[in-house]
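Thanks for sharing this one. Here are my notes, in numbered points, to read alongside the sequence and the model.

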Amino acid sequence: MNPVTQADILASQSVGSLEDEQAEVGQTHRVFRVDRQRIERAVREILIAIGEDPDREGLRDTPARVARMYDELFGGLHEDPRVHLRKFFTEKCDEVILVRDISFNSMCEHHMMPFMGKAHVAYLPRERVVGLSKLARVVEAVARRPQVQERMTEQIADILEEELGAKGVAVVIEAVHTCMTIRGVRKPGSLCVTSAMRGCFRNRPSTRAELMTLIYGDRR
Ligand SMILES: [Zn+2]
């Protein structure tokens, strides 16, 4: 589910006591880890600074809403992505394992604006193999924090390489940055592509070519 939408839904439902809110949050298995009061104060300040009236009806609950949303968007800061790879099984496998089109949302740390797209994560195992959904969990945990796409790509590759001891790891990320599409150079539709290649994906052109065909296939 799109996290922004989910946050909005949560926010729009949250009228009532703090207990009610916490019960509601409990239902979605979320615990607040950000300093909400501090975010609320800061957002109120921003509203005043741009010349708005933070006490008008439409804005009255905005600081609290943003605080709840930030807890979700930055939840990865309080999570170790490596835990998802600690449950592996040993398998003789000499083929590339790829999970393509893992959608993610992250927050550009330069502008605090979202960037979103798809990650393709592949590895050639030595003997450790993990469940496919775990690769998506790693992407999620690394995405939900203030990020830059280049670092995010490297981090995912490093974590996989270190935890799985794979013969090779490849991460390709394609993303749209709202800080580029709605402000600054304003280039809607522009896609930033980054990649991190380790081991055989870096050293063996044939393995890398095989991966690119698996990722892009007829799309290229
Ligand atoms: Zn940016």
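1. Does Asp101 count as buried or exposed, going by its C-beta neighbours inside 10 Å? Asp101 has 10 such neighbours, so Asp101 counts as exposed, the cut-off for that class being 12 or fewer. Asp101 is a residue of strand E2. Its phi is positive, about 60 degrees, although Asp101 is not a glycine. As background, most residues other than glycine have a negative phi.

2. Before going further, a word on confidence. This is a predicted model, and the protein chain has an average pLDDT of 87, with 84% of the residues scoring at least 70. The pLDDT is below 50 over residues 1–28, a stretch that has 21 contacts in the model beyond near neighbours in sequence. Helix H1 (residues 3–13) has the lowest confidence, with a mean of 39, while E5 has the highest, at 98. Please keep in mind that predicted coordinates should not be read in detail where pLDDT is low.

3. Now the overall make-up. The protein chain contains nine helices and seven strands. Of its 220 residues, 28% are buried. If we take contacts between residues at least 6 apart in sequence, 71% of them join residues at least 24 apart.

4. The sheet is a good place to get your bearings. Five strands form an open sheet in the order E5-E2-E3-E6-E7, and the pairing is mixed. E5 and E7 are at the edges; each has a single partner strand, so one side of each lacks a neighbour in the sheet.

5. Let us walk across the sheet from E5. Strand E5 (residues 146–147) runs parallel to E2, and two bridges join them; Cys108 has Gln147 of E5 as its bridge partner. E2 (residues 97–108) and E3 (residues 113–124) run antiparallel and are joined by 10 bridges. Val99 is bridged to Val121 of E3, and Met107 is bridged to Pro114 of E3.

6. Continuing to the other edge, E3 and E6 run antiparallel with 10 bridges between them, and Leu124 has Gly168 of E6 as its bridge partner. E6 then pairs with strand E7 (residues 192–199) over eight bridges, again in the antiparallel sense. Here Ala175 is partnered by Cys192 of E7.

7. How many of the 10 residues of E6 are buried? Eight are, so E6 is largely enclosed by the rest of the structure.

8. The hairpin of E2 and E3 deserves a look of its own. Four residues lie between its strands, and Met112 is in this loop. Met112 is not a glycine, yet its phi is positive, about 55 degrees. With 11 other C-beta atoms within 10 Å, Met112 is exposed. You may like to view Met112 alongside Asp101, which also has a positive phi, about 60 degrees.

9. Next, the interior. The largest nonpolar core has 31 residues, and those touching the most other members are Val121, Val139, Ile156, Leu160, Val169 and Val171. At least two residues of this core come from each of E2, E3, helix H5 (132–143), helix H6 (149–164) and strand E6 (168–177). A second, separate core has five residues, including Val66, Ala67, Tyr70 and Met107.

10. Which residues does Val169 touch, leaving aside those up to four places away in sequence? They are Tyr123, Ala157, Leu160, Glu161, Arg198, Gly199 and Phe201. On the packing of helix against sheet, H5 lies across E2, E3 and E5, and runs at about 20 degrees to E2.

11. Two helices are worth a check of their length. Helix H3 (residues 36–49) has 14 residues, which should span 20 Å at 1.5 Å a residue; the end C-alpha atoms are 20 Å apart, so the two agree. Helix H9 (residues 205–216) has 12 residues and reaches 16 Å from its first C-alpha to its last, close to the 16 Å expected at 1.5 Å a residue.

12. Finally, look at what follows each of those helices. Gly51, just after H3, has a positive phi of about 95 degrees. H9 is followed by Gly217, with a positive phi near 40 degrees.

Note on methods: Residues numbered from 1 in each chain as written. Predicted model: local features only at pLDDT ≥ 70, side-chain atom pairs only at ≥ 80, totals over all residues. Expected span 1.5 Å × (residues − 1). Pairing = 2+ DSSP bridges. Buried ≥ 20, exposed ≤ 12 C-beta atoms within 10 Å, placed from the backbone. Contact = placed C-beta atoms within 7 Å. Core = buried A, V, L, I, M, F, W, Y, C linked by C-beta atoms within 7 Å. pLDDT = per-residue confidence, 0-100. Axes fitted to C-alpha atoms, helices over the stretch in contact; angles between N-to-C directions.
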